[in-house]
Amino acid sequence: MASFRKNQSLQEFQKFIGDVYAIPDDRLYSMADMLVQQQRFTMRALKGIRKQNSEKIKINLLVALSWLMAIANRLHIDVEKDVWKRFPMLCSYCGKKPCECKKIRPQKRKYVKSDGAQKPKTMAGFQKMFNEIYPTNNKTLPEYGVHLAEEMGEVSEAIHNFLGQHKIKQLEDIKLEISDYISCSFGVASSANIDVAKELEKMYSNNCHVCHKLPCVCSFNSVSLIKT
Ligand SMILES: [Zn+2]
Ligand SMILES: [Zn+2]
């Protein structure tokens, strides 16, 4: 049996998604198919924001995050490593914690160096870190939602660019955009009072959260019919 526990790391969550879903993903889903799912569930989370339905926000945000991990697995991207490189306890634009972008208005992204010793050891630690860099009282939940949609589009654009031209620089852009999506995803979660690690533990206590099999045996059609 595979499960995710709340004291586990972002990297362990990515591995868990690989253990449960890599076989059906590799057999049934092209990269475009996976992006469609990742976007579909992100959009359903945004619908939850519009309808002020916290359950809808939660489940769809977590499913979208799971599809993002599946995409990263397909590309052999180590999400935790790249998130930490982009956000080493500091805002990647202004280089401050908490972020002072509104005050400083940096034109260019600042080069921020990471001190490995400070890297959060758990998924919950990453949520706390993002909360410290970007305190949620600065924006409303719908504003976080708009930002998440923007980052979702940028992940898609970066992946399509890479699939079209196969340049290493474009693969690097995917890593940056995935990191930004993760940052925003934690922003939405914190703003909606969702403890991501705790909720993932509940959702993934026993293999796939829908069929409860390892590996997942959900059919392509049944996944496309999910309306949470
Ligand atoms: Zn900043
Ligand atoms: Zn399943």
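This is a short walk through one predicted model, from its charged side chains to its backbone and its cysteines.

I'll start with the salt bridges. A search of the whole structure turns up twelve of them. I will go through three, each inside a helix.

The first pair is K58 and E55. Their side chains form a salt bridge, at 3.2 Å from N to O. Both residues sit in helix α3, which covers residues 54-74, and they are three residues apart, so about one helical turn separates them. How covered are the two partners? K58 has a relative accessibility of 17%, which makes this lysine buried. E55 is partly exposed, with a relative accessible area of 49%.

The second pair is in helix α6, residues 123-133, where E132 and K128 lie four residues apart, about one turn of the helix. The closest N and O atoms of this salt bridge are 3.2 Å apart. K128 is exposed, with a relative accessible area of 53%, and E132 is partly exposed at 29%.

The third pair is D173 and K169, which meet in a salt bridge at 2.9 Å, N to O. Helix α8, residues 168-191, holds both, and because they are four residues apart in that helix, about one helical turn lies between them. For accessibility, K169 comes out as exposed at 55%, while D173 is partly exposed at 25%. There is also a network to mention: E55, K58, E199 and K202 are joined into one by salt bridges that share partners. So, to come back to the first pair, E55 and K58 are bridged to each other and are also members of that network.

Next, positive charge on the surface. Which residues gather there? K47, R50, K51 and K227 form a patch of positive charge. From that group I'll pick out K227. K227 lies in the segment after α10, and α10 itself runs over 220-224. Its relative accessibility is 64%, and since exposed means over 50%, K227 counts as exposed.

Now the backbone, beginning with the cis peptide bonds. One is the bond from K97 to P98, with omega near -5°. P98 sits in the loop between α4, residues 79-86, and α5, residues 101-104. Another cis peptide bond leads from L214 to P215, with omega near -10°. Here the proline, P215, is in the loop between α9, residues 196-203, and α10.

That loop between α9 and α10 has further entries on my list. N207 is found in this loop, and its phi is positive, about 60°, although N207 is not a glycine. H212 is in the loop between α9 and α10 as well. Phi of H212 is near 60°, again a positive value in a residue other than glycine. Buried or exposed, where does N207 fall? N207 is buried, because its relative accessible area is 7% and the limit for buried is under 20%. H212 is partly exposed, with a relative accessible area of 38%. If you have the structure open, this loop is worth putting on screen: it holds N207, H212 and P215.

Moving on to helix α9, which contains V196. V196 is buried, with a relative accessible area of 3%. What lies across from V196 in space, though 134 residues away along the chain? The residue is L62, and the C-alpha atoms of V196 and L62 are separated by 7.6 Å.

Last, the cysteines. How many disulfides does a search of the whole structure find? The count is zero. As a reminder, a disulfide is a covalent bond between the sulfur atoms of two cysteines. Two cysteines can be described by their accessibility. C99 is partly exposed, with a relative accessible area of 23%. C216 is buried, at 9%.

To recap, the search gave twelve salt bridges and zero disulfides. The cis peptide bonds I described run from K97 to P98 and from L214 to P215. The positive patch consists of K47, R50, K51 and K227. And all of this comes from a predicted model. That's what I have.

Key. Residues are numbered from 1 along each chain as its sequence is written. Chains are lettered from A and ligands numbered from 1 in the order in which they are written. This is a predicted model: local features need pLDDT of at least 70, side-chain atom pairs count only at pLDDT 80 or more; totals for chains, interfaces and linings use all residues. Side-chain values use heavy atoms; hydrogens and water are left out. Patches are made of residues with over 30% relative accessible area and no salt bridge: like charges are joined within 9 Å, nonpolar side chains (Val, Leu, Ile, Met, Phe, Trp, Tyr) within 5 Å. Accessible areas come from the Shrake-Rupley method with a 1.4 Å probe; for residues, only the protein chains shown count as cover. A salt bridge is a side-chain nitrogen of Lys or Arg within 4 Å of a carboxyl oxygen of Asp or Glu. Lys and Arg count as positive and Asp and Glu as negative; His and the chain ends are not counted. The place of a charge is taken as NZ of Lys, CZ of Arg, CG of Asp or CD of Glu. Helices (H or I, at least four residues) and strands (E, at least two) are DSSP runs, numbered from the N terminus. Buried means under 20% relative accessible area, exposed over 50%, partly exposed in between (1.4 Å probe, protein chains only). A disulfide is a pair of cysteine sulfur atoms within 2.5 Å.
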